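Colleague: I would like to learn how to read a model like this one, feature by feature. Could we go through it together?

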Amino acid sequence: MTRRAVARALVYLSLAGAALVVLLPLTVVLLTSLKTSGEMADGSGALDLPDDPFNLANYVTAFQDGRMLRAFGNTAFVLLFAIGGTVLIGSMAAYAIDRFAFRMKKVVLALFLVAALVPGVTTQVATFQIVNSLGMFDSLWAPVLLYMGTDIVSIYIFLQFIRSIPVSLDEAARVEGANAFTIYRKIIFPLLRPAIATVVIVKGITVYNDFYIPFLYLPSEDLGVISTSLFRFKGPFGAHWETISAGAVLVILPTLIVFLFLQRFIYNGFTRGATK
């Protein structure tokens, strides 16, 4: 009993320490966003409470001068097409890999694995040349195309779920005269809802938080997404950390809200796909 109590205490201490490490920076950012420039100039501590806890002037400045509304619109555009394309391409590719027999099938799976292991930075020169030659540089379609074509993990998630769907459903549909695409559209795709929810959430958070691709391929300020718009605060607001913190909170809130409401789909999706 003593060993079990000690082990349980160590578990709770480790969880508390991890929570502190995660929540402390967020707390500092939130408190800083509510302070005035005078408080920051007076050397206010990072964890000191603001004089006015309802001071929202920094948020107004960040939203208006930082063009956050346009940034949210551009981010929504990229999210919509990138996630939609990832779901369609990933589910179709997984369906073809699992249900069709073709030569070098194992080689294709191995190449997918190798592609997932290769660091994306190593291929950026060639990728940039291809995007530029297609005339999509400084266009919102550039990140959409790159996000759709670089998500090998989604294919493996869909593949796990498709393998759990009985092949007898396909055979019964073929007896009724359905072709391969009809089977995918009316049988396979509707049964992939847990996998689709998992991919949408994981891919959405990844695209929402990504900075490198939008910064490299969208240099125009009018095409800025939330990550690059927040980065541009370093210019006019280089010394105003209260405004930068307010912009950071505006960026964090949508992701936090979506994750809190949909986190069970992430866990259920991964566990169901791994055990079926």
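Modeller: Happily! Keep in mind that this is a predicted model. Let's begin with one side chain, Q124, which counts as buried because its relative accessibility is 14%, and the cut-off for buried is under 20%.

Colleague: Where does Q124 sit, and which residues is Q124 in contact with?

Modeller: Q124 belongs to helix α6, which covers residues 124–133. Setting aside neighbours within four places in sequence, its contacts are Y212, L216 and Y217. With Y217 there is also a polar contact, side chain to side chain, at 3.2 Å.

Colleague: That helps. What about T75: is it buried or exposed?

Modeller: T75 has a relative accessible area of 5%, so it is buried. This residue is part of helix α4.

Colleague: What do the polar atoms of the T75 side chain reach?

Modeller: There are two backbone partners to look at. A polar atom of the T75 side chain lies 2.7 Å from the backbone oxygen of A71. The T75 side chain also reaches the backbone nitrogen of I226, at 3.2 Å. I226 turns up again among the residues that T75 touches, together with Y208 and V225, once residues up to four places away in sequence are left out.

Colleague: Now the backbone. Which residue in the loop between α4 and α5 should I look at for its phi?

Modeller: Try M104. The loop that holds M104 runs between α4 (68–99) and α5 (105–117). Phi of M104 is near 60°, a positive value in a residue other than glycine. As for its surroundings, M104 has a relative accessible area of 58% and is therefore exposed, the cut-off for that being over 50%.

Colleague: And what is the phi of D138?

Modeller: D138 is not a glycine either, yet its phi is positive, at about 60°. You will find D138 in the loop between α6 and α7, the latter being residues 141–149. Its relative accessible area is 28%, so D138 is partly exposed.

Colleague: Let's step back to the whole protein. How many helices and strands are there?

Modeller: The protein has 14 helices and zero strands. Read from the N terminus, the elements are therefore a run of α after α. The radius of gyration is 24 Å, well over the 19 Å that the globule rule gives for 276 residues, so the protein is more spread out than a compact globule.

Colleague: What does the C-alpha trace span along its principal axes?

Modeller: About 75 × 70 × 35 Å. Two pairs of residues give a feel for such distances. The C-alpha atoms of A41 and M104 are separated by 66 Å, and the two residues are 63 apart along the chain. L26 and D170 are 144 residues apart along the chain, and 50 Å separates their C-alpha atoms.

Colleague: Where are A41 and L26 placed, and how accessible are they?

Modeller: A41 is in helix α2, residues 37–41. Its relative accessibility is 66%, which means that A41 counts as exposed. L26 is in helix α1, residues 2–33. With a relative accessible area of 39%, L26 is partly exposed.

Colleague: What share of the residues counts as buried in the protein?

Modeller: Of the 276 residues, 34% count as buried. For the surface, the accessible area comes to about 16,500 Å², and carbon and sulfur atoms hold 69% of that.

Colleague: What do the contacts say about residues far apart in sequence?

Modeller: Take the contacts between residues at least 6 apart in sequence: 73% of them join residues at least 24 apart.

Colleague: One last feature, charge. How many positive and negative side chains are there, and how far apart do the centres of the two sets lie?

Modeller: There are 21 positive and 16 negative side chains, and 19 Å lies between the centres of the two sets.

How values were computed
Residues numbered from 1 in each chain as written. Predicted model: local features only at pLDDT ≥ 70, side-chain atom pairs only at ≥ 80, totals over all residues. Heavy atoms only, no water. Helix = DSSP H or I, 4+ residues; strand = E, 2+ residues; numbered from the N terminus. Buried < 20%, exposed > 50% of the residue type's maximum accessible area, 1.4 Å probe, protein only. Polar contact = N/O pair within 3.5 Å; in protein donor to acceptor, adjacent residues only side chain to side chain. Contact = heavy atoms within 4.5 Å. Rg over C-alpha atoms; globule rule 2.2 N^0.38 Å. Areas by Shrake-Rupley, 256 points an atom, 1.4 Å probe, with all protein chains shown as cover. Lys, Arg positive; Asp, Glu negative; His and termini not counted. Charge placed at Lys NZ, Arg CZ, Asp CG, Glu CD.
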